[in-house]
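Student: I would like a close look at one part of this protein, namely its nonpolar interior, with enough of the surroundings to place it.

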Amino acid sequence: MKTARRQSYGVKSAPYAFLLPGIVLFALFFALPIGYAVYLSFRKAHVSGLGLGSGARKEVWAGLENYTNAVSDSELLHGALRVLGYGCIVVPVMLGLALLFALMLDADKVRFTPFTRLAIFLPYAIPGVVAALLWGFLYLPDVSPFYWILDKLGMPQPDLLDGGPLYLALSNIAVWGGTGFNMIVIYTALQSIPAEVYEAAKLDGATPLQIALKIKIPMVAPSLVLTFFFSIIATLQVFNEPTTLKPLTNSVSTTWSPLMKVYQDAFGNGDIYSAAAQAVIIAFATLVLSFGFLRAANRRSKQEEGAR
């Protein structure tokens, strides 16, 4: 009887034993840092006197002071607006190209599909910092081969690292690196569509364009929602590209994006408490936008299912 109970207990506890390493890693490297950041966001440094000697600098309770300062910080707001403009370029262009490439690879008469798929995906495998350095080299008028070609042809040489073109330069790096990943997600969803659906559409006289617009795209809508969701999060967290290009131009400030502002306050100004509050606000804004979008997408899906 006792042996049976022990075996039953072992079977019931086995899943938790397999989950334990993941739970420990999640707690140490995800939950714990988030909790510590939230804790720091409610603290501040209090300096007494000249700040000299032991005990002159203490960590005290700040309440919502760091949050009110962050919300009223014009640099953080301007950074958010810059990222909004950046995202309006990156997200539609990247997802549009990803969908186009996926539909082209899924077409019937396509040669060298494995090679083409790998070539489109390959930029995603390059680290963001390396990609930004490569494109930064191509953007510099003094060393870029493209500027040399334009000069020989007598054509104007735009400065892509200054003013409005800077948004296009940064967006190009993100689109170049992220299109392949989104294309693979959409292409995998296309491959899971039963071939009988296409055969029925062809028997009804549907053209390849009609099949793509009326069958393929609606059936991969969940994958489009997923890629859009990931793209929004990546856009709000843009950091590598502007930080890497900053030494190449004066148009990129140390607070160009919200995450760059957090980094500057934490490690440049030494104010980790204000930086923690800003990081919590950015994380909360990302959560709200993501949750709101997913809820709207689920509501629309339910409405379409009800209409059917």
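Student: Of the 308 residues of the protein chain, what percentage count as buried, and which residues touch the most other members of the largest nonpolar core?

Tutor: In this predicted model, 30% of the 308 residues of the protein chain count as buried. The largest nonpolar core has 19 residues, and those that touch the most other members are Tyr86, Val90, Tyr139, Leu166, Leu170, Ile173 and Trp256. At least two residues of this core come from each of helix H3 (74–105), helix H5 (128–139) and helix H7 (165–191), with H7 giving the most, six residues. If neighbours within four places in sequence are left aside, Tyr139 is in contact with Tyr147, Leu160, Leu161, Ala169, Asn172 and Ile173. Apart from the largest core lies another one, of 18 residues, which includes Leu103, Ile120, Ile211 and Ala212.

As for the surroundings, the protein chain holds 13 helices and two strands, and its radius of gyration of 26 Å is well over the 19 Å that the globule rule gives for 308 residues, so the chain is more spread out than a compact globule. Among the contacts with a separation of 6 or more, 64% are between residues 24 or more positions apart. The chain exposes about 19,600 Å², of which carbon and sulfur atoms supply 68%. Nonpolar side chains also appear on the surface, where Leu20, Val24, Leu25, Leu28, Phe29 and Leu32 make a patch of about 620 Å²; of these, Leu28 is placed in helix H1 (residues 2–41) and counts as partly exposed because its relative accessibility is 46%.

Definitions and conventions
Residues numbered from 1 in each chain as written. Predicted model: local features only at pLDDT ≥ 70, side-chain atom pairs only at ≥ 80, totals over all residues. Heavy atoms only, no water. Patch = residues over 30% accessible without salt bridge, like charges linked within 9 Å, V, L, I, M, F, W, Y side chains within 5 Å. Areas by Shrake-Rupley, 256 points an atom, 1.4 Å probe, with all protein chains shown as cover. Salt bridge = Lys/Arg side-chain N within 4 Å of Asp/Glu carboxyl O. Helix = DSSP H or I, 4+ residues; strand = E, 2+ residues; numbered from the N terminus. Buried < 20%, exposed > 50% of the residue type's maximum accessible area, 1.4 Å probe, protein only. Core = buried A, V, L, I, M, F, W, Y, C linked by side-chain atoms within 4.5 Å. Contact = heavy atoms within 4.5 Å. Rg over C-alpha atoms; globule rule 2.2 N^0.38 Å.
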